[in-house]
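Me: I'm new to this structure and would like to know how its labels are earned. Could you walk me through a few of them?

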Amino acid sequence: MSNKSTFYVTTAIDYVNAEPHIGHAYQKIVADALARWHRLQEKDVFFVTGTDEHGKKIEQSAKNANKATKEFVDENSEKFKKAWKKLNIKYDRFIRTTDKDHRVVVEQFTEKINKNKDIYKGIYEGLYCTACETYYTEKDATNLICPIHHKPLEKLKEETYFFKLSKYQKFLLDYYKANPDFILPKTRREEVINRVKEGLKDLSITRSSLEWGIPFPQDKKHVFYVWYEALINYYTATKEKGKEKFWPANLHILGKDNTWFHTVIWPAMLKSANLPLPISTFNHGFLTFNGQKISKSLGNTISPITLVEKYSSDSIRYFCLRHFPFGEDGNFDEQALTDRHNNELANKLGNLVSRVSTLAEKYNLEKAEIIESKQTIQNVSNHIKNLAPDKALDEIFKFIDKLNTIIQDKKPWETKDKKVLYQTANGIKDAAILLSPFMPETAEKISKTFNFEISLKSLNTELKISKIKKSDILFKKI
Ligand code: ZN
């Protein structure tokens, strides 16, 4: 990853025809933890998330709900915002593809591509799944059934405008070669390269069969294809005053079903518009919930709001970040969540803070040589660089285990050893600051108990002696 002092991270923008579920939340939690980590490193951070609001599927969903399309997207977009608020997702911009500035940027972007003679009019014939808003080839869709929705595909034939994607095959292959971190994790990279080598078809970028979209400026019978314009949102956000410095993005986070759009179509579009390409895309796997695929159409959605109310926001964040190696598919198993909440958060972290603060209230602290955390900080930092938050949390909890062991061995409740209390309190400070990107609420509570600031400076300096009051219970056992 680049060493520039800015960090721009994006998530996929969610399609608003469904309610937010834990799969959407998982991705936002990872992006938020990364954004918070870079803020802690005093980088200038820009974190953008939002909602994707155009297309036939939304037009239909609004009709089915007996609502005006705009009203429908306004309501649903709000649900995503509400869920992210519950989870402490601290984005800098929530972009909606119905925002006015997005429409203007899409027009300008397309104008650049058009000047480069990469847009032409033609006829598109293909097999279409409305639920995916995607055309399939017979090769990808066995028996003409959508591989995702298991519903028959529609044969569609329409006048359309094409983007000359085929022109960029060589450019893309050269780019992947020169930028090995462009497609992460590496396991997805070969897949993309092999498919691009097979050749690229030009991309239909407009539709004339629907109205709910951004009008195509050159031909008002057409609106932009939702996928084409949605990708541009990442760039739109940086056209805001003062945000220009953030382009190109450091990292696009997306689900592996969107890999083709982000690693083939998007870089070709940017190249055609003569704009710099993002540094990395991270294409993560999917979560199942208690062993079942999460999706609206399969009737198995799970609300992050319900989970937060039951377990707390930090507990959900912690579980998502620690339980799943980022990138792979995972199963959101509620029993595993309860176990980690009880054994790791309540027993290990919660008890440590409670014990040390209770004893410090009684006996006070006395300065002593601190327990070194430099290696832990270095390891955590490396794991974050490698986009492995699970390993970063393993490191922090190794350090927490060490503090617990010291307390067990030295028994300050018998010895009234103020120095041991200082050493562990200082260790708790370091652990809490390192945990702050992952569990911001908990870190904040701990910082108030032990009177330190959550900052890089505070991580690198020793805890000041102060009057300590015993902490409230951080995690109630479930
Ligand atoms: Zn489909």
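Me: Why is Phe 282 called buried?

Reply: Happy to help, and please keep in mind that this is a predicted model. Phe 282 has a relative accessible area of 4%, and buried means under 20%, so Phe 282 is buried.

Me: What makes the pair of Phe 282 and Phe 326 stacked?

Reply: Their ring centres are 4.4 Å apart, within the 6.5 Å needed for a pair. The planes meet at 10°, and under 30 degrees counts as stacked, so the label fits.

Me: Which parts does this pair tie together?

Reply: Phe 282 belongs to strand E13 (residues 280–284), while Phe 326 sits in the loop between helix H11 (313–323) and strand E16 (330–332), so the pair links parts 44 residues apart in sequence. Phe 326 is also buried, at 9% relative accessibility.

Me: How do you know that Phe 171 and Tyr 175 are stacked?

Reply: Here the rings are 5.9 Å centre to centre, with 25° between the planes. Those values fall within 6.5 Å and under 30 degrees, so the pair is stacked. Both residues lie in helix H5 (residues 169–178), four residues apart, or about one turn of the helix.

Me: Why is Phe 171 called partly exposed, and why is Tyr 175 called buried?

Reply: The cut-off for buried is under 20%. Tyr 175 has 17%, so Tyr 175 is buried. Phe 171 has 22%, between that limit and the 50% for exposed, so Phe 171 is partly exposed.

Me: What makes Arg 195 lie over the face of Trp 260?

Reply: Arg 195 lies over that face at 4.1 Å from the ring centre, and the distance limit is within 6 Å.

Note on methods
Residues numbered from 1 in each chain as written. Predicted model: local features only at pLDDT ≥ 70, side-chain atom pairs only at ≥ 80, totals over all residues. Heavy atoms only, no water. Phe/Tyr/Trp six-rings, centres within 6.5 Å; stacked < 30°, edge-to-face > 60°. Helix = DSSP H or I, 4+ residues; strand = E, 2+ residues; numbered from the N terminus. Buried < 20%, exposed > 50% of the residue type's maximum accessible area, 1.4 Å probe, protein only. Lys NZ or Arg CZ within 6 Å of the ring centre and 35° of its normal.
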